[in-house]
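Here are a few exercises to work through with the model open beside you. Try each task before you read its solution.

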Amino acid sequence: MYAEDDWSVTERLTVNAGARLAFYQVGHKDYSSFQPRLSFRYLLREDFSLKGAFAKMNQYVHQLSNTYINLPTDIWVPVTEKVAPKYSNLFSGGLYYNYSKQYDFSLEGFYKKMNNLIDYQDNASLFPEYVGWDEKVSRGTGRSYGAELMARKQTGRTTGWMSYTLSWSDRIFRNGEVNNGERFPARYDNRHKFPPP
């Protein structure tokens with residue numbers, strides 16, 4: 001079930017709030033989750049605004065790989081009685097400026113905390129990788145955070161945008177079964193990013 005609504009609290013402040021209820025059953029195990037979402041926009045001036053958001057999200061499938069790069073051997077595995085859903089809390093916020101109704105500039109930041117991540121235990125036998133996989137994995141946490149700068153021209157004969165993102169993404173499995181319990185960069189860690197136009 002999902003519900004969402006928008007409110008114009010004042011002439012300057014608008015709020016969007018929602019919630020999702022999810023229920024998942026596998027074998028004799030039931031998983032349920034309450035996933036709230038909240039975002040707001042506050043007009044500091046007509047051309048300058050502040051935005052923020054929070055969201056909790058659950059996912060009932062896990063991507064599992066026996067290598068550090070994306071290969072066709074990556075598999076998607078469902079939640080089981082032993083492996084719980086992963087969930088994350090995402091916080092984001094930014095400043096947005098519109099110059100002459102033609103140019104947009106923004107600075108955004110985000111922080112995402114992830115729980116119930118899985119990875120193969122060090123020295124686990126991976127063949128065949130899809131048999132008994134839930135006995136070979138460890139559970140840990142992760143985080144992703146960073147900031148993005150963007151400039152965009154929306155009108156005129158020439159339009160386009162440029163952006164730069166600085167971000168970090170890492171994982172830790174504190175029970176010591178992966179990387180001796182030490183934090184390590186996630187396979188999706190991408191420090192500097194200049195997306196193509």
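**Exercise 1: a residue in a strand**

Asn58 is buried, at a relative accessible area of 17% (buried means under 20%, exposed over 50%, partly exposed in between, with a 1.4 Å probe and protein chains only). This is a predicted model, where local features need pLDDT of at least 70 and side-chain atom pairs count only at pLDDT 80 or more, while totals for chains, interfaces and linings use all residues. Residues are numbered from 1 along each chain as its sequence is written, and side-chain values use heavy atoms, with hydrogens and water left out.

Task: find which element holds Asn58, and list what Asn58 touches beyond four places away in sequence.

Solution.
- Start with the element: Asn58 sits in strand 4 (strands are DSSP runs of E, at least two residues, and helices are runs of H or I, at least four, numbered from the N terminus).
- Now look for contacts, meaning heavy atoms within 4.5 Å. Leaving out residues up to four places away in sequence, Asn58 touches Ser33, Gln35, Pro85, Lys86 and Tyr87.

**Exercise 2: the largest pocket**

Task: work out what lines the largest pocket, by class and by element.

Solution.
- First, the term: on a 1 Å grid over the protein atoms alone, a pocket is an open set of points where a 1.4 Å probe fits, with protein on both sides within 12 Å along at least five of seven lines, and lining residues have an atom within 4 Å of a point.
- Next, the space: the largest pocket holds about 820 Å³, where a volume is the space filled by probe spheres set on the points, which are joined across faces, edges and corners.
- There are 33 lining residues, and the closest to the centre are Gln63, Ile118, Arg171, Arg187 and Tyr188.
- Two or more lining residues come from each of strand 4 (48-59), strand 5 (61-64), strand 7 (86-99), strand 8 (103-120) and strand 10 (160-172). Strand 8 gives the largest share, six residues.
- Finally, sort by class: 16 are nonpolar, 12 polar and five charged (Ala, Val, Leu, Ile, Met, Phe, Trp, Tyr, Cys and Pro count as nonpolar, Asp, Glu, Lys and Arg as charged, and the others, Gly among them, as polar).

**Exercise 3: rings that pair up**

Task: count the aromatic pairs, then say whether Tyr145 and Trp168 are stacked or edge-to-face.

Solution.
- The rule: rings of Phe, Tyr and Trp (its six-membered ring) pair if their centres lie within 6.5 Å; planes under 30 degrees apart are stacked, over 60 edge-to-face, and the rest tilted.
- That gives 10 aromatic pairs. Tyr145 and Trp168 are 5.3 Å apart centre to centre with 15° between their planes, so they're stacked.
- This pair links distant parts of the chain, strand 9 (residues 137-153) for Tyr145 and strand 10 for Trp168, 23 residues apart.
- Tyr145 is partly exposed at 24%, and Trp168 is partly exposed at 31%.
- Try another: Tyr164 and Phe194 have ring centres 4.8 Å apart and planes at 35°, so that pair is tilted.

**Exercise 4: a positive phi**

Task: explain what stands out about the phi of Lys101.

Solution.
- The background: most residues other than glycine have a negative phi.
- Lys101 isn't a glycine, yet its phi is positive, about 55°.
- Lys101 lies in the loop between strand 7 and strand 8, and at 67% relative accessibility Lys101 counts as exposed.
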